[in-house]
Amino acid sequence: MLKIMKNIAALFTLILTLTFVVSPLVTSPFSGFRADQLPIPQIEPPVQPAGYAFAIWGLIYAWLVVSAVFGIWKRADDPVWDRARWPLIVSLGVGTPWLAVANTSAVWATILIFVMGLGAILALLRAPHRDRWLFRVPVGIYAGWLTAACFVSLGSTAAGYGLLTGQLGWAYIGIIGALCVATPVLLKTMTPSYGLTVVWALVGICVANGLTTWTVSALAALGIVIILGLIAANSSTGRSVPS
């Protein structure tokens with residue numbers, strides 16, 4: 001019993017990682033908010049990446065499982081891992097029912113995904129440099145995708161309620177908001193996997209909008225240049241953590 005209590009963070013991380021990964025199998029598929037969930041239906045909102053970009057969840061799920069298994073096997077009572085585990089536990093705990101919530105309430109889904117994103121970013125900020133491929137990299141990818149997903153959800157929901165501006169305006173706000181979060185996180189953590197995942201989302205936005213909504217594509221492309229520039233600058237100065 002004492003050993004279990006001592007390893008409680010590692011155990012919770014493993015359990016919640018597994019429930020998080022299994023949740024899509026027991027929940028109705030989600031590919032964006034349905035037309036009847038918002039007063040103003042959001043059909044292919046410009047803030048949302050192309051469908052193929054969501055395939056990154058397969059990588060996220062698999063790598064988080066590997067990390068959690070390694071963590072309970074080799075780093076169960078590591079206090080450095082534990083500092084990062086607790087915010088990750090919050091993120092995964094909220095993330096487990098997220099798909100079910102998203103299929104019923106766009107507002108609550110948006111609130112909860114910001115909680116998920118904050119937990120993931122805090123976990124990345126606390127992630128140990130040791131075992132970077134088994135903790136820092138998967139958490140970086142997870143946090144990077146959630147950084148983008150938070151503002152996709154916000155933009156879709158706010159436009160759906162007619163707040164301030166329409167779809168196009170919220171696409172601009174969403175991209176700028178994601179960059180305002182991603183830039184300091186990348187500078188603080190020096191974790192390329194985080195930045196490259198944000199780039200993946202921005203490329204998806206470019207693909208989804210193409211030349212049809214070229215201003216959104218151009219803003220996303222500018223964001224890609226900024227993030228890649230920061231990664232390159234960190235690498236050239238030797239500040240980047242090789243993750």
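**Exercise 1. Walk along the chain of this predicted model and write down the order of its elements.**

Step 1: start at the N terminus and read on; the run goes α-α-α-α-α-α-α-α-α-α.
Step 2: now tally it up, and you get 10 helices and zero strands.

**Exercise 2. Work out how the radius of gyration of the protein chain compares with that of a compact globule.**

Step 1: take the chain length, 243 residues, for which a compact globule would come out near 18 Å.
Step 2: look at the chain itself, which has 18 Å, so the two agree.
Step 3: for the outline, use the C-alpha trace, which spans about 55 × 45 × 25 Å along its principal axes.
Step 4: check the inside too: 53% of the 243 residues count as buried.
Step 5: finish with the contacts. Take those with a separation of 6 or more, and 78% of them turn out to be between residues 24 or more positions apart.

**Exercise 3. Find out what kind of aromatic pair W57 and Y142 form, and which helices it links.**

Step 1: search the whole structure for aromatic pairs; there are 14.
Step 2: pick out W57 and Y142, whose ring centres are 6.4 Å apart with 65 degrees between the planes.
Step 3: an angle over 60 degrees counts as edge-to-face, so that is the label for W57 and Y142.
Step 4: place them on the chain. W57 belongs to helix 3 (residues 56–74) and Y142 to helix 7 (residues 136–160), 85 residues apart, so this pair links distant parts of the chain.
Step 5: ask whether they're buried or exposed; both W57 and Y142 are buried.
Step 6: look for company around them, and you'll see that F20, W57, Y61 and Y142 make up one aromatic cluster.

**Exercise 4. Do the like for F70 and W81, and decide whether each is buried or exposed.**

Step 1: the centres of F70 and W81 lie 5.9 Å apart, with 45 degrees between the planes, which makes the pair tilted.
Step 2: F70 sits in helix 3 and W81 in helix 4 (residues 79–95), 11 residues apart.
Step 3: the cut-off for buried is under 20% relative accessible area. F70 has 14%, so F70 counts as buried.
Step 4: W81 has 2%, so W81 is buried as well.

**Exercise 5. Find where the charged end of K74 sits.**

Step 1: go to K74 and follow its side chain to the charged end.
Step 2: that end sits over the ring of W73, 4.6 Å from the ring's centre.

Terms used:
Residues are numbered from 1 along each chain as its sequence is written. This is a predicted model: local features need pLDDT of at least 70, side-chain atom pairs count only at pLDDT 80 or more; totals for chains, interfaces and linings use all residues. Side-chain values use heavy atoms; hydrogens and water are left out. Rings of Phe, Tyr and Trp (its six-membered ring) pair if their centres lie within 6.5 Å; planes under 30 degrees apart count as stacked, over 60 as edge-to-face and the rest as tilted. Helices (H or I, at least four residues) and strands (E, at least two) are DSSP runs, numbered from the N terminus. Buried means under 20% relative accessible area, exposed over 50%, partly exposed in between (1.4 Å probe, protein chains only). A charge sits over a ring if NZ of Lys or CZ of Arg is within 6 Å of the ring centre and within 35 degrees of the ring normal. The radius of gyration is taken over C-alpha atoms; the globule rule is 2.2 Å times the number of residues to the power 0.38. Contact means heavy atoms within 4.5 Å.
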